[in-house]
Amino acid sequence: QPINRFVADFIGTMNFLPGTLVDAHRVRLGTVDVTSASAVANVSPGAGVTVCVRPEDVVVDDTNAPPNANRIETRVTDLDFIGSFFRARLAPDCLEGFILAADLPSSVVRQRSLSRGQSLTVSLPSERVRVYPER
């Protein structure tokens with residue numbers, strides 16, 4: 001549970017997405033709202049924030065996921081085989097010009113026959129989403 005954005009970025013890879021705070025647990029990413037299990041402190045609603053999530057925490061959407069499960073529609077822009085997983089670069093429909101890195105198990109890539117240009121719905125588990133004040 002990193003204390004700030006700098007610490008969150010210090011170890012490993014982190015996705016940083018711009019958003020607007022809606023309330024203590026909800027952020028608007030372009031046209032989509034996502035929730036964070038951790039409350040955002042010292043930031044007023046309407047303020048710019050940064051949503052952080054690690055690539056390994058991005059989940060390919062499951063049709064059994066509960067409603068409002070932080071679903072984001074994306075398009076696959078690139079897939080790199082890293083050994084035990086693929087690093088996917090995903091362009092979120094809700095945030096033009098941004099890329100979301102996702103580490104996907106090889107089995108998921110094979111089962112879904114993922115390739116560049118394909119649409120893919122992913123979820124950001126609220127317990128893994130961190131929100132920090134905009135720099």
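This is a short dialogue on reading a few features of a predicted model.

Reader: Let us start with the sheet. In what order do the five strands of the open sheet stand?

Author: The order is β3-β2-β1-β4-β10, and the pairing is antiparallel.

Reader: Which strands stand at the edges?

Author: Those are β3 (32-35) and β10 (130-133). Each has a single partner strand, so one side of each is left without a neighbour in the sheet. Neighbouring strands here are also turned against each other, by 45° on average, direction ignored.

Reader: How many bridges join β1 to β4?

Author: Six bridges, in the antiparallel sense. Look at one position: P18 stands opposite T50 in β4. Now go to the other side of β4. Four bridges join β4 to β10, again antiparallel. There, T50 has Y132 of β10 as its bridge partner.

Reader: What do β1 and β2 form?

Author: They form a hairpin, with two residues between the strands. Three bridges join the antiparallel pair. One position to find is T20, whose bridge partner in β2 is R28.

Reader: Next, the core. What should I expect of nonpolar side chains?

Author: In soluble globular proteins, nonpolar side chains tend to be buried together.

Reader: How many residues has the largest nonpolar core here?

Author: It has 31 residues. Those with the most contacts inside it are V27, L29, L90, L100, L104 and L120. Several elements each supply at least two residues of this core, among them β1 (15-23), β2 (26-29), β6 (71-81), β8 (100-105) and α2.

Reader: Take V27. Which residues is V27 in contact with, leaving aside neighbours within four places in sequence?

Author: The list includes G19, T20, L21 and V22. It also includes V32, D33 and V34, and then V49, V51 and V131.

Reader: What about S106? Where is its place?

Author: S106 is in helix α2 (residues 106-111).

Reader: Is S106 buried or exposed?

Author: S106 is buried, because its relative accessible area is 12% and the cut-off for buried is under 20%. Not counting residues up to four places away in sequence, S106 touches F81, G83, S84, F85 and F86. Compare sequence and space for R87: S106 and R87 are 19 residues apart in sequence and 9.7 Å apart in space, C-alpha to C-alpha.

Reader: Now cysteines. What is a disulfide?

Author: A disulfide is a covalent bond between the sulfur atoms of two cysteines.

Reader: How many disulfides does a search of the whole structure find?

Author: Zero. Look at two cysteines for burial. C52 is buried, with a relative accessible area of 1%. C94 counts as buried too, at 10% relative accessibility.

Reader: Last, the backbone. What sign of phi should I expect?

Author: Most residues other than glycine have a negative phi.

Reader: What is the phi of N42?

Author: It is positive, about 60°, although N42 is not a glycine. N42 is found in the loop between β3 and β4. N42 is exposed, with a relative accessible area of 82%.

Reader: And where is S113 found?

Author: S113 is in the loop between α2 and β9. Its phi is near 50°, a positive value in a residue other than glycine. S113 is exposed, because its relative accessible area is 53% and the cut-off for exposed is over 50%.

How values were computed:
Residues are numbered from 1 along each chain as its sequence is written. This is a predicted model: local features need pLDDT of at least 70, side-chain atom pairs count only at pLDDT 80 or more; totals for chains, interfaces and linings use all residues. Side-chain values use heavy atoms; hydrogens and water are left out. Buried means under 20% relative accessible area, exposed over 50%, partly exposed in between (1.4 Å probe, protein chains only). Contact means heavy atoms within 4.5 Å. A nonpolar core is a set of buried Ala, Val, Leu, Ile, Met, Phe, Trp, Tyr and Cys residues joined through side-chain atoms within 4.5 Å. Two strands pair if DSSP finds at least two bridges between them. Axes are lines fitted to C-alpha atoms, for helices over the stretch in contact, and angles run from 0 to 180 degrees between N-to-C directions. A disulfide is a pair of cysteine sulfur atoms within 2.5 Å.
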